[in-house]
Amino acid sequence: MNRASPPGNSAMFRRGIEEKPPNRPAFHYKPLDPSVDCIRLLALLPYDERRPDIVRCKLFTVRFSEKPEYEALSYTWGESKPAETILLNGEPFAIQENLYNALDNLRPTGDRPRMLWADAICIDQGNLEERKRQVGLMDYIYTRASTVLIWLGRGTAEVQKIFAKKFMDLEPQFYHTQEQKEELAKWRQWVYQRTYWTRLWVIQEIGLSKNLRVCIGRFSKHWDKFLVCLNENGNNKHKYEDDLIRKLDQKRKGRHGKDNRLEKLLEDFQYARCKDQRDKVYGLLGLAYDCQDGSIEPDYTKPLFGLYTDLLTWFCYPRLLPVGDSEASKHVATRAYDRAMRLVRFSHLVQSLLGFPFCPEIVTQDLFFAVAAVGGTILHMGPTCEEMYSSSALYKDWRVSFDAYYSSPSARLQLREINEAYDAFLLKHSEWISHGVFGIDPQEMYTRATFMEGLWEDVEENWSTREIAGITRRRSSDIPTISRRPSKSSRPRMFLGSNLLLGSAPAEAQEGDLICLFWNIGAVALLRKEDHSQVYRVIGKLYLCTGYLENLKPVYRNFVKPGEGSATMLIEMDIKTLSILTRPPRSPNKY
């Protein structure tokens, strides 16, 4: 008899557990000692021939100083509520179906229990303080485990049978029969369909493992053997899914390398799913080598915007220190330039992962510094976006205006093509533009910008040799003096800029305002010079056309890259300004 699948109705076999009173008290967890590093371990008791339907476990606490030996389970929780029941310390305990299947199939057949760690049982999920501490230990838990067990599911009888065959341990080029190839194709398809590979927490669980085994039903293989089985010899039918698995393997093998910094991990695993948005960050902290100092700690009571602010402050922390002549200060300055180049892109990345949380009324007073390239200046303001597709006369006047500002025939040709691509975009996304282009009142949101020495360059390796000097905080005494304060209620208008720039700007934009671009991101800021000063203020957000024509069809890039050798500006801004510059529009949009 297959011990993992008892005959008949499984609910019948668990009647002795499930017919307890429905209002029975919840399982009582004994609190963990917060003064020492300790965890609960799950002793999975051996399979009992007399009651094959009942999964029996014991839960106990152990300190890491005791050098416990255990296997850590890596699995998906699933979307459903707990629907299965096990006996935990002799008491009924409800768990999700997938975890139940894992425990059912992993039960030992001898007389010794199997020592496991499974988060849904070993952490008191209703205790936020404990959850915070245990999530902070997650990297240590998976690093110290003798083996990490990847549970892909019970699978069908056919999938288990194929997985257990000896030919699966061979390189694909040694498969001899068509039957073997067909069986392998069925098995691969089942593996690639597992939602496990898109779960966020598995990134860290796989990445930190010393020894890794893949479990399907009652059978398991070493991770390296499993990867061999997935080798399709150039068949790209499942390329996307295969790439996800190979990326996990690369992160594991390169876990001490430079690509395992938090910024890169957040970018590489944007697709990964989790129930709590905060876990988009917390679930990668153990793998990120630049977070091992505890500067970011899991906190499930923190609002999403608070986590966003903490991440930006952490990202820019060295740049908030004074710069002097010491070697340490020079290192801070060097790091400052690198972070100032990446800041706006990092802000957008974090906001996208956290669901673009809105800024509360009360925010931190810290300033953030970003390097921007001067892409050009506004030469001419045209009709509103609505007038572009509602008035043929205004549309024609707009196109004719190009000739007044560009004398080169090739430049005029390029502008007409850019304009046609933008016109097609505008027809479909006019409402999106109307909410994404707006003015910023310098009296409400603080910014301050000045020209920097040196020109713009995209080569990241060169940023470490550049410095930013004279970083100070000016929040309290620095009062903007802009003669014409923008309004956030006006409809966006078309603008024509130098360097063949074209797009939509706040209605209050003027000729001579600066168009500033950032590194590898589509956010575009509009800056205006203060009266009788060399200081500029951010007075709005633009939308810059990224399109052009190819065989008379519009093609759109993700963003417009600043030209090498462009002038650069250092923009100081508060968190509110930074957040709205790097957040895409919503409808309706309230800033």
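## A walk through the predicted chain

Lys81 sits in the loop that connects β3 (71–74) with β4 (84–88), and in this predicted model it is exposed, since its relative accessible area of 72% lies over the 50% that marks an exposed residue. Although Lys81 and Gln96 are 15 residues apart along the chain, their C-alpha atoms are separated by 6.3 Å.

A little further along the chain, Asn89 belongs to the loop between β4 and β5 (91–95). Asn89 is partly exposed, with a relative accessible area of 37%, a value that falls between the limits of 20% and 50%. The backbone of Asn89 deserves a look as well, since its phi is near 55°, a positive value in a residue other than glycine. Most residues other than glycine have a negative phi. A second asparagine with this feature is Asn551, whose phi is likewise near 55° and positive, and which is placed in the loop between β18 (547–550) and β19 (553–556). Asn551 is exposed, because its relative accessible area of 72% is over the 50% limit.

These loops belong to a chain that contains 20 helices and 20 strands. Of the 591 residues in the chain, 53% are buried, while the surface that the chain exposes amounts to about 27600 Å², with carbon and sulfur atoms supplying 50% of it. Among contacts in the chain with a separation of 6 or more, 75% are made by residues 24 or more positions apart.

From the loops the reader can turn to the interior. In soluble globular proteins, nonpolar side chains tend to be buried together. Here the largest nonpolar core comprises 123 residues, and Leu103 and Trp187 are the ones with the most contacts inside it. The element that gives the most to this core is helix α14 (residues 304–316), which contributes 8 residues. Apart from the largest core lies another one, made of 19 residues, among them Met388, Tyr406, Ile433 and Val437.

Leu103 offers a way into the surroundings of helix α3 (residues 97–106), a helix that is mostly covered, with 9 of its 10 residues buried. Leu103 is itself one of these buried residues, and the others are Asn98, Leu99, Tyr100, Asn101, Ala102, Asp104, Asn105 and Leu106. Beyond its neighbours within four places in sequence, Leu103 is in contact with Leu42, Leu44, Val55, Cys57, Ile86, Ile95, Leu116 and Ile121.

Three further residues, each buried, show how covered positions occur in a helix, a loop and a strand. Gln160 is part of helix α7 (residues 157–164), and it counts as buried because its relative accessible area is 8%, which is under the 20% limit. Once neighbours within four places in sequence are set aside, the residues in contact with Gln160 are Arg154, Gly155, Ile216, Gly217, Arg218 and Phe219. Cys215 is 55 residues from Gln160 in sequence, and the two C-alpha atoms are 9.7 Å apart in space.

Asn260, in contrast to the loop residues described at the start, is buried, with a relative accessible area of 1%, even though it too is found in a loop, the one between α11 (239–253) and α12 (262–268). Not counting residues up to four places away in sequence, Asn260 touches Lys251, Gly254, Arg255, Leu265, Leu287, Ala288 and Tyr289. For one of these partners, Ala288, the separation from Asn260 is 28 residues in sequence and 5.2 Å in space, C-alpha to C-alpha.

Thr384 is placed in strand β10 (residues 368–384) and is buried, because its relative accessible area of 10% is under 20%. When its neighbours within four places in sequence are left aside, Thr384 is in contact with Arg491, Pro492 and Arg493.

The path ends at the largest pocket, which holds about 570 Å³ of space. It is lined by 21 residues, of which Trp77, Arg199, Trp201, Cys274 and Lys275 are the closest to its centre. Sorted by class, the lining of this pocket consists of 8 nonpolar, 8 charged and 5 polar residues.

Definitions and conventions:
Residues numbered from 1 in each chain as written. Predicted model: local features only at pLDDT ≥ 70, side-chain atom pairs only at ≥ 80, totals over all residues. Heavy atoms only, no water. 1 Å grid on protein atoms, 1.4 Å probe; cavity = no way out; pocket = protein on both sides within 12 Å on 5 of 7 lines; lining within 4 Å. Points joined across faces, edges and corners; volume = space filled by probe spheres on them. Nonpolar A, V, L, I, M, F, W, Y, C, P; charged D, E, K, R; others polar. Core = buried A, V, L, I, M, F, W, Y, C linked by side-chain atoms within 4.5 Å. Buried < 20%, exposed > 50% of the residue type's maximum accessible area, 1.4 Å probe, protein only. Helix = DSSP H or I, 4+ residues; strand = E, 2+ residues; numbered from the N terminus. Contact = heavy atoms within 4.5 Å. Areas by Shrake-Rupley, 256 points an atom, 1.4 Å probe, with all protein chains shown as cover.
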